[in-house]
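Q: I would like a close look at how the strands of this model are put together. Please begin with the part that closes on itself, if there is one, and then work outwards.

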Amino acid sequence: EDGYRLWLRYEPLEDAADYLRQIGDTEAGETNETSALAVEELKLGLDGLLGTSRSSKAPKILLGTPESNKAIAKLDLDLSDLGEEGFWVAAAGTKKKKQIVITANTDQGVLYGVFAFLRHLQTEQDLDGLNLKSTPRIEHRLLNHWDNLTRTVERTMAGASIFNWFDLPYYVEPYYHDYARACASIGINGTVLTNVNSNATILRPQYLEKVAALADTFRPYGIKVYLTARFSAPIEIGGLETADPLEPEVIKWWTDKINEIYEYVPDFGGFLVKANSEGQPGPQSYHRDHADGANLLARALAPHQGIVMWRAFVYEFETQEDRHKQAYTEFTGLDGKFEPNVLIQTKNGAIDFMPREPFHPLFGSTPETPLALELQIAQEYTGGDIHMVYLAPMWKEALSADTYVEGVGSTVAKVIDGSVYGHETSAIAGVANIGNARNWTGHPMAAANWYAFGRLAWDYDLSSEQIADEWTRMTFGNESSTVETIESMLLASYENMVSYSMPLGLHHIMYPGHHYGPGPWHDEGRPDWTSIYYHQANEDGIGFDRTETGSDALSQYAPEIIEQWGSPKTIPEKFLLWFHHVDWDFEMKSGNTLWQEICLTYQEGVDGVSEMIGQWESLEGRIDEQRYARVSALLHRQLQDAKFYKDACLAYFHTFAQRPYPEGVEAPEYDLEHYKSFELYHVPGDPGEQW
Ligand code: BDP
């Protein structure tokens with residue numbers, strides 16, 4: 001059991017008898033590649049779960065659209081609210097002649113319906129009153145691969161890039177189908193093939209041919225391809241002297257290039273762009289703004305229905321403005337200036353993908369411009385695919401955060417689905433954690449994050465618990481104590497990780513470069529990449545004052561939030577040190593001082609990992625050996641690293657706090673120099689080595 005099959009294992013169900021009475025032959029309308037995939041998937045799933053012999057007397061499954069399947073057309077179902085991608089899976093027919101219908105307006109919807117039905121069986125749900133009707137809440141649900149053409153992958157540790165550019169287009173790896181199928185099974189409908197730190201070479205014809213081969217492979221699964229656009233491409237591969245977005249020759253170059261792309265890929269999705277950020281070129285190099293840059297591409301894409309996802313991840317140290325504030329300042333100033341097919345792609349928080357961030361104040365602050373939410377599935381700051389960390393709770397926290405911009409209930413989710421300001425287009429992106437590791441994601445448990453991203457992108461109202469439950473059952477089977485144990489580990493894992501790495505609103509105190517281990521002492525180089533910029537620890541206390549007395553980043557939020565977060569007494573303590581510089585002796589809600597609370601929280605995180613190990617060990621013999629051993633080894637590494645994180649941070653902060661470690665906290669084993677001298681982890685894919 002090497003994990004290759006992900007959550008689509010279709011292992012025989014323990015007790016299939018009940019299902020076998022209710023599921024007979026399939027009657028399918030098959031018209032094209034997508035509907036053929038739906039038929040094939042249903043057969044694969046049913047044969048695997050229930051065995052290959054089914055009774056012809058049991059109720060039939062009718063599969064297809066009303067156009068492709070006459071029996072479905074006869075039922076005269078109202079599918080008007082299903083849109084292009086929604087599906088309906090239901091018990092239909094009469095008492096005498098029972099049937100199950102899997103239908104939609106499109107073949108794509110039918111394929112999604114098949115996956116939903118199989119999930120229902122795989123997780124052993126009841127067929128009585130079967131009625132699964134669902135449409136996606138967000139239009140564009142994309143993976144963002146930070147994959148380089150050399151096949152290194154930025155920030156993902158699951159091996160090399162799955163995109164084998166060398167052999168494309170002549171050889172199409174069979175696993176591309178499995179990738180697309182896994183994505184389709186959770187509703188992902190687009191993929192950005194290339195890194196945001198981009199390379200213009202992808203836009204050369206020799207590469208567009210390769211892109212076309214991937215697009216052809218993914219198309220039947222409902223997945224469009226997108227690319228990153230390097231803003232200086234007109235110079236680098238076009239031979240122009242400028243990339244100024246207002247220069248006619250530059251406009252012509254991009255228009256021609258985009259028209260050319262559509263010759264290779266007629267349904268090309270569009271571009272993702274990182275501009276004027278961390279050394280990437282952009283319009284500001286020509287004294288133009290982000291709207292000038294985005295609109296240049298958007299206008300050329302519009303006739304083909306392509307979109308631009310322009311990233312809001314911009315910050316410069318030179319401005320001297322708190323990094324937290326810069327994207328908001330920049331993009332609220334441009335609201336109303338973007339073409340309708342531009343979305344501003346914004347990370348969940350204002351700094352980066354920290355273990356825990358308050359939501360980005362840009363959400364809700366651009367009434368005229370749709371925002372896409374960017375989440376990181378790859379565990380750059382959250383344990384590097386070595387730690388077991390189920391990220392759904394973090395994403396739910398962001399999605400359900402209330403911006404209050406249009407009154408109570410204006411959640412981030414409703415901003416991005418377009419409903420707060422009535423935007424037509426909507427998008428959500430997840431930075432992929434996929435590589436060519438046999439099990440796709442390196443850590444067997446990290447596949448839960450790929451799964452959770454897709455499920456939440458489809459329906460952000462699903463709970464972390466439900467998603468964990470589905471994934472666990474599909475991945476490890478339905479045996480109840482196994483399911484309970486793994487779910488409880490998954491659900492505790494996120495808080496554990498925050499606690500042993502950056503608790504109570506601490507952020508950006510990781511080791512520079514690889515971002516895996518602790519580096520609270522880091523104080524060299526670009527100031528806004530150091531740790532001391534963010535924690536501001538001194539003899540009095542710790543934390544970044546972002547209230548009026550400090551950088552006033554808090555003023556970028558709605559009054560309801562300012563009121564709650566404005567005082568260290570009323571702010572949720574998980575964000576305390578994000579917004580306040582607080583005395584070491586500040587009294588926390590628990591009655592502990594801040595120093596004690598910091599120490600105890602780090603300890604809790606470590607203890608939480610020990611507990612996960614105990615839980616996992618209780619499963620020995622009940623899980624296949626291969627996955628058992630791998631997770632076991634990784635959990636032990638996680639414990640060791642969690643302790644290291646705690647010890648390094650406490651040893652460092654202690655030099656300022658100078659207070660005793662509270663009871664129940666294991667004091668660091670070594671002195672600070674030991675931790676400083678240790679480069680915990682070196683990743684060959686450090687961006688420094690790639691750029
Ligand atoms: C940071 C990563 C860097 C990415 C950058 C981005 O460290 O590798 O290129 O974000 O999102 O988190 O552009």
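A: Happy to, and one rule helps from the start: two strands count as paired if DSSP finds at least two bridges between them. Strands and helices themselves are DSSP runs, E of at least two residues for a strand and H or I of at least four for a helix, numbered from the N terminus. Keep in mind that this is a predicted model, in which local features need pLDDT of at least 70, side-chain atom pairs count only at pLDDT 80 or more, and totals for chains, interfaces and linings use all residues. Residue numbers start from 1 along each chain as its sequence is written.

The part that closes is a barrel of eight strands, which runs β6-β7-β8-β9-β10-β11-β12-β13 with parallel pairing. From one strand to the next, the twist averages 25 degrees (axes are lines fitted to C-alpha atoms, for helices over the stretch in contact, with angles from 0 to 180 degrees between N-to-C directions).

For a single pair in this barrel, look at β6 (residues 140-144) and β7 (residues 190-192), which are joined in the parallel sense over three bridges. Here L143 sits opposite T191 of β7. After β6, follow the chain into the loop that leads to α5 (175-185), where you will find P169. The peptide bond from L168 to P169 is cis, with omega near 0 degrees.

Another loop to inspect connects β10 (307-311) with α10 (323-332), and Q320 lies in it. Q320 is not a glycine, yet its phi is positive, at about 65 degrees. H515 is a further non-glycine residue with a positive phi, near 65 degrees, and it belongs to the loop between α15 (480-501) and α16 (532-535).

Now for a sheet that stays open. Five strands make it up, in the order β1-β2-β4-β3-β5, and their pairing is mixed. β1 (26-28) and β5 (131-134) are at the edges with a single partner strand each, so one side of each has no neighbour in the sheet. On average, neighbouring strands in this sheet are turned by 20 degrees against each other, direction ignored.

The partner of the edge strand β5 is β3 (residues 87-93), and these two pair in the antiparallel sense over four bridges. Within that pairing, F87 faces S134 in β5.

Helices lie across this open sheet, judged by contacts (C-beta atoms, placed from the backbone, within 7 Å). Helix α2 (residues 33-50) crosses β1 and β2 (60-64), and runs at about 155 degrees to β2. Helix α4 (residues 107-122) covers β2, β3, β4 (98-103) and β5, at about 70 degrees to β3.

Stepping back, the protein chain holds 22 helices and 15 strands. Its C-alpha trace spans about 80 × 65 × 50 Å along the principal axes. Of its contacts with a separation of 6 or more, 73% come from residues 24 or more positions apart.

The chain is divided into domain 1 (17-134), domain 2 (153-462) and domain 3 (498-544 + 581-690), with bounds from an automatic or database domain assignment. Domains 2 and 3 have C-alpha centres 30 Å apart, and their contact involves 22 residues from domain 2 and 24 residues from domain 3.

Terms used
Contact = placed C-beta atoms within 7 Å.
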